[in-house]
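Biologist: Please take one part of this model and examine it closely, covering its charges, its pairings and its surroundings.

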Amino acid sequence: AVCVGELTHATERIASLRAGTLTLLEDNPDAQSVAAVSSSLLSKVTNAPQPIQQMLGDVRVADSLQQALALRDSLADEQSVITADGIWLGKHWLRVSKDKDARAGVLSREHAMRRLKTELREFQARFDTARKLLKDGRRRLQQLEERRETVQSDAAALLKEYADTKAALDAARFRLDQADARQRAIAEETSELQTEQIGSEEQLRESKRRFAEAQRTLTELQAQRTQLEQRRDELNAELRRVREQAEQDRQAVQDITIQFESRRSSKESAAQSLTRMRAQLEQFSCRESEIREQLQQGEAPLAASKQNLEEQLGKRVAVEQELGAARRQVEEVEAELRDLDQSRMAVDNDLQEARSAVNEAEIAVRELSVRREGFLEQLAETSFSYETLIEEIDESASIEGWEEKLAVLRRRIDRLGPINLAAIDEFKEQSERKDYLDAQLQDLYSALDTLESAIRKIDRETRARFRETFENVDKGFKRLFPKLFGGGHAYLELTGDDLLSAGVTVMARPPGKRNSTIHLLSGGEKALTAVALVFAIFELNPAPFCLLDEVDAPLDDANVGRFCDIVRSMSEKVQFVFITHNKGTMEMARQLSGVTMQEPGVSRLVSVDLDEAVKMAAS
């Protein structure tokens, strides 16, 4: 803003303004100075006029918007707070200005004027220097022009004399060059004609030799082709035979597998029969004990008991004989199955060898085809036909003469130096390879894009499913924890922002405790927390059975009761099998299975069906 003595004199001129922005402050020299507070804008300004002191003294300074919002409640009605980013807040208002041009004022104009004055002084100095250089240059130019006129007059006379002499010399040289050029042209034409004649004769002899070699090679290739075709037919027949044999062996293995499964079923049934017979034998042993007790009571039932005992002993011997026969039969089936596996492995090895032989034969056929195609391509490049070469070949031609001429040509080629005659073909080959590699690269890029899109899709689905699973487990954990503890609260918390790499923290607080870490919980509280979390996960994807191994070991009677209530409510959908030594947990079970040792070193399995026991007790 601009400080003025009185605003009254400026109002008429201000009313005539049609555009622009202007701020005026009325200076009051009689007003007292305002004390600068360390947290106000006035502390940032020195030698400020009194109106600016009053205005800036009521404006606080904040480093961030959060700090400004915290200071807003403590401001008076005439006070405000401003941040370094230009956000200005009052107690009931807020102003934001992000336009840099709107903040331009007297200071920015002063800086611009100083910069322009500096540039003006620099330009003035440069202008004076340039004007002085221009004056010196003009004086030097006038002197050079005078000297140039004198030199030009002397040079004109010399140039005229030089031109006459040069014209005569050029005419003589031109006639001499014409004669030399004509002589060289005649010599070159003669040499070229001789070279072409020699080359044509050597090329003809070379072509005849190559044609004879090609003819012999073609004859050999035809014979080899016939042999390889026969060999291929034989290998194909052998391959079909081996495949049929492999199919038969596979079918035999399948039949043996079926027989093995049936015999294994027979073995299992025999084992079940053996178990059942052993149970019967135990019952018979018990019965024998009862009969012996009855024998002590009287002599009358003794004969019948002995006969019954002999019958049971006979049945036991028969069962043991059947069990031995079944075991022998199972051993025979297993030995037969091992023999069949070895036969199958031998057949697979023979099949692999036959496939290798077929592959080698196919490779040999392809090599011969490639050699034949290469010979035909070489013959096509000579612009001669096969029939014409056969008719026009010289009968007196010999391989030794052609080889001698070939050696001469090679020595001449060696004297010429290294010449890459295959550059065009190599360039074509490399171009085709580059096109192929570009196509492969494009395929890789497309595959990479497809793979990245699939990865992004999998990540999205994984995040969604993880979020859904996490929320469901959290709900179950929040619901089961108070039931197990009789109060309190617990929840799950993620330790990171990325769902794919974030960890999970278990937050649990039993009733009446203010623990800050899980290590402050007792053993029973830790066990109940783990049970609540496991049951919450188990509810998400329940299985038909749930096995609990001494989960209630660290629990007291009250916690055991709540644990049993949870297990009883979940047992409507899931069958629980638990190992326990707690009497309260045993009372919840429907069936009990334990191990007892009535005699030293002899363990016995005892099973109790509580429902049947209750019925027996009631009857």
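**Helix H8 and its partners**

Modeller: Helix H8 supplies the largest share of the negative patch, namely five residues. The model is predicted: local features require pLDDT of at least 70, side-chain atom pairs count only at pLDDT 80 or more, and totals for chains, interfaces and linings use all residues. Residues are numbered from 1 along each chain as its sequence is written, and side-chain values use heavy atoms, with hydrogens and water left out.

The patch lies on the surface and gathers Glu373, Glu377, Glu381, Asp425, Glu426, Glu429, Glu432 and Asp435. Two or more residues come from each of helix H5 (302–381) and helix H8 (423–485); Glu429, for example, lies in helix H8. Helices here are DSSP runs of H or I with at least four residues, strands are runs of E with at least two, and both are numbered from the N terminus. A patch is built from residues with over 30% relative accessible area and no salt bridge, like charges being joined within 9 Å and nonpolar side chains (Val, Leu, Ile, Met, Phe, Trp, Tyr) within 5 Å. Asp and Glu count as negative, Lys and Arg as positive, and His and the chain ends are not counted. Each charge is placed at NZ of Lys, CZ of Arg, CG of Asp or CD of Glu.

Helix H8 also holds salt bridges, defined by a side-chain nitrogen of Lys or Arg within 4 Å of a carboxyl oxygen of Asp or Glu. Lys434 pairs with Asp438, their closest N and O atoms being 2.9 Å apart; both residues lie in helix H8, four residues apart, or about one turn of the helix. Asp438 is partly exposed because its relative accessibility is 35%, where buried means under 20% relative accessible area, exposed over 50%, and partly exposed in between (1.4 Å probe, protein chains only).

A second pair in helix H8 is Asp474 with Lys478, at 3.4 Å between the closest N and O atoms. Because Asp474 and Lys478 are four residues apart in helix H8, about one helical turn separates them. The two ends differ in burial class: Asp474, at 11% relative accessibility, counts as buried, whereas Lys478, at 42%, counts as partly exposed.

A further salt bridge joins the side chains of Glu539 and Arg479, at 2.5 Å from N to O. Glu539 belongs to helix H9 and Arg479 to helix H8, so this pair ties together parts that are 60 residues apart in sequence. Glu539 has 31% relative accessibility and is therefore partly exposed; Arg479 is partly exposed as well, with a relative accessible area of 38%.

Two residues of helix H9 (residues 523–540) deserve mention, one of them being Glu525. Glu525 is buried because its relative accessibility is 16%. Residues up to four places away in sequence aside, Glu525 touches Phe485, Pro510 and Lys513, contact meaning heavy atoms within 4.5 Å. Thr529, also in helix H9, has 5% relative accessibility and therefore counts as buried. Its contacts beyond four places in sequence are Phe477, Phe481, Phe485, Val506, Ala508 and Leu521.

For context, the chain contains twelve helices and twelve strands, and 17% of its 619 residues count as buried. The exposed area is about 47,700 Å², of which carbon and sulfur atoms supply 52%; such areas come from the Shrake-Rupley method with a 1.4 Å probe, and for residues only the protein chains shown count as cover. The whole structure holds seven salt bridges.
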